Amino acid sequence: MRSNLHRSGLVRQLAGFLPAGAPAPGDAARQDVAERLGQWLNVADAIGLSSAHAAIAAAGRQAARAPGQPAATAATLQGELERVRAVLSQSITTRDTRHRPDPDDLDTEFAFCLQRYQDQQRRMEMSVDALRGHVRQTLAQGAPRLAQLAALDAALGEMLGGREQRLLNNLPNFLRARFMALRQTAAASDTPHDLRWLQGFNTELEQTLLAELDHRLQPVVGMIEAMDI
């Protein structure tokens, strides 16, 4: 599991923006999952985690007393997941064909790219959060183990969601550094008005957004897969 954490698509994408020889994000301290999670939790979070443990156990007992069937099958939820992924992916990779970058005003061009990235982040947050809540509610109506998983996901989302969102909000800083590096390289060439590098940057921006989308969908994927175990 440790290896998978360090080789996620989002981490690999960000690592590609760094200068040669620079440590990749997360490589400074290769700790196990428990150690790294402990850095995210303070005393208040630990107390909340203890309370969440009781709530998770209670969810399992309640589901055992009133066994039911989830309102949707794993296949149905998988279809909803793929629909959300497809809609967001298409939005991410669709460019404004009317936009014409000005090679003499690249600061404004980066502001345009930054706005595009942040708009897509907001779309992802709203759509994925809604889907995650729907899947969680579905699992809560199923077997005790699924109800407990739904309760666990809710607890972790409440405790870790804010920290995760702050980290995701920092992703544009990586893009800014990448933009400036490509811009400086292009400025040293004989054709400073050749904006092929900017096309490449926009492709990298889209790849970063797609990697972020995969990251945001991981809890949803895990809960759906648990229905077939």
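**Close-up views of a predicted all-helix chain**

**View 1. Surroundings of Glu204 in the predicted model.** Leaving aside neighbours within four places in sequence, Glu204 is in contact with Gln13, Phe17, Arg178 and Leu182. The model shown here and in the views below is a predicted one. Glu204 has its place in helix H9, and with a relative accessible area of 16% this residue is buried, because the cut-off for that class is under 20%. Leu182, one of the residues that Glu204 touches, is also among the contacts of Trp197, which is taken up in View 3.

**View 2. The chain as a whole, as background to the close-ups.** The protein chain holds nine helices and zero strands, and its pattern, read along the sequence, is α-α-α-α-α-α-α-α-α. Of its 229 residues, 32% count as buried. When contacts between residues at least 6 apart in sequence are considered, 83% of them join residues at least 24 apart. The chain exposes about 13,400 Å², and carbon and sulfur atoms supply 55% of that area.

**View 3. The largest nonpolar core and the contacts of Trp197.** Which residues touch the most other members of the largest nonpolar core? Among its 42 residues, these are Val135, Trp197 and Phe201. At least two residues of this core come from each of helix H2 (9-15), helix H5 (74-93), H6, H7, helix H8 (171-187) and helix H9 (196-226), and H9 gives the most, with twelve residues. In soluble globular proteins, nonpolar side chains tend to be buried together. Trp197 touches Leu106, Phe179, Leu182, Arg183 and Ala186, when residues up to four places away in sequence are not counted.

**View 4. Arg116 and its polar partner Glu206.** Arg116 is found in helix H6, which covers residues 106-140, and its relative accessibility of 13% places Arg116 in the buried class. The side chain of Arg116 makes a polar contact with the side chain of Glu206 at 2.6 Å. Residues up to four places away in sequence again being left out, Arg116 touches Ile92, Thr93, Thr94, Arg95, Asn202, Leu205 and Glu206.

**View 5. The salt bridge between Arg95 and Glu206.** The side chains of Arg95 and Glu206 meet in a salt bridge, with an N to O distance of 2.6 Å. Because Arg95 lies in the loop between H5 and H6 while Glu206 lies in helix H9, the pair ties together parts that are 111 residues apart in sequence. Arg95 is partly exposed, with a relative accessible area of 34%, whereas Glu206 is buried, at 8%. Both Arg95 and Glu206 also appear among the residues that Arg116 touches.

**View 6. Arg85, Asp214 and the network they belong to.** The count of salt bridges comes to twelve. In one of them, Arg85 is paired with Asp214, the closest N and O atoms being 2.7 Å apart. Arg85 lies in helix H5 and Asp214 in helix H9, so this pair ties together parts that are 129 residues apart in sequence. Asp214 is partly exposed, with a relative accessible area of 41%.

**View 7. A salt bridge within helix H9.** Where do Arg216 and Glu212 lie? Both lie in helix H9, four residues apart, which is about one turn of the helix. Arg216 forms a salt bridge with Glu212, and the closest N and O atoms of the two are 2.8 Å apart. Arg216 is buried, with a relative accessible area of 9%, and Glu212 is likewise buried, with a relative accessible area of 0%. Elsewhere, salt bridges that share partners join Glu82, Arg85 and Asp214 into one network, which extends the pair in View 6.

**View 8. A nonpolar surface patch that includes Leu152.** Leu49, Leu152 and Leu156 form a nonpolar patch on the surface, and together they have about 200 Å² of accessible area. Leu152 lies in helix H7, which covers residues 144-169, and is partly exposed, with a relative accessible area of 34%.

**View 9. Ala15 and Phe174.** Ala15 lies in helix H2 and counts as partly exposed, at 25% relative accessibility. Although Ala15 and Phe174 are 159 residues apart along the chain, their C-alpha atoms are separated by 9.4 Å.

Definitions and conventions: Residues are numbered from 1 along each chain as its sequence is written. This is a predicted model: local features need pLDDT of at least 70, side-chain atom pairs count only at pLDDT 80 or more; totals for chains, interfaces and linings use all residues. Side-chain values use heavy atoms; hydrogens and water are left out. Buried means under 20% relative accessible area, exposed over 50%, partly exposed in between (1.4 Å probe, protein chains only). A polar contact is a pair of N or O atoms within 3.5 Å; within protein, one must be able to donate a hydrogen and the other to accept it, and residues adjacent in sequence count only if both atoms are side-chain atoms. Contact means heavy atoms within 4.5 Å. Patches are made of residues with over 30% relative accessible area and no salt bridge: like charges are joined within 9 Å, nonpolar side chains (Val, Leu, Ile, Met, Phe, Trp, Tyr) within 5 Å. Accessible areas come from the Shrake-Rupley method with a 1.4 Å probe; for residues, only the protein chains shown count as cover. A salt bridge is a side-chain nitrogen of Lys or Arg within 4 Å of a carboxyl oxygen of Asp or Glu. A nonpolar core is a set of buried Ala, Val, Leu, Ile, Met, Phe, Trp, Tyr and Cys residues joined through side-chain atoms within 4.5 Å.
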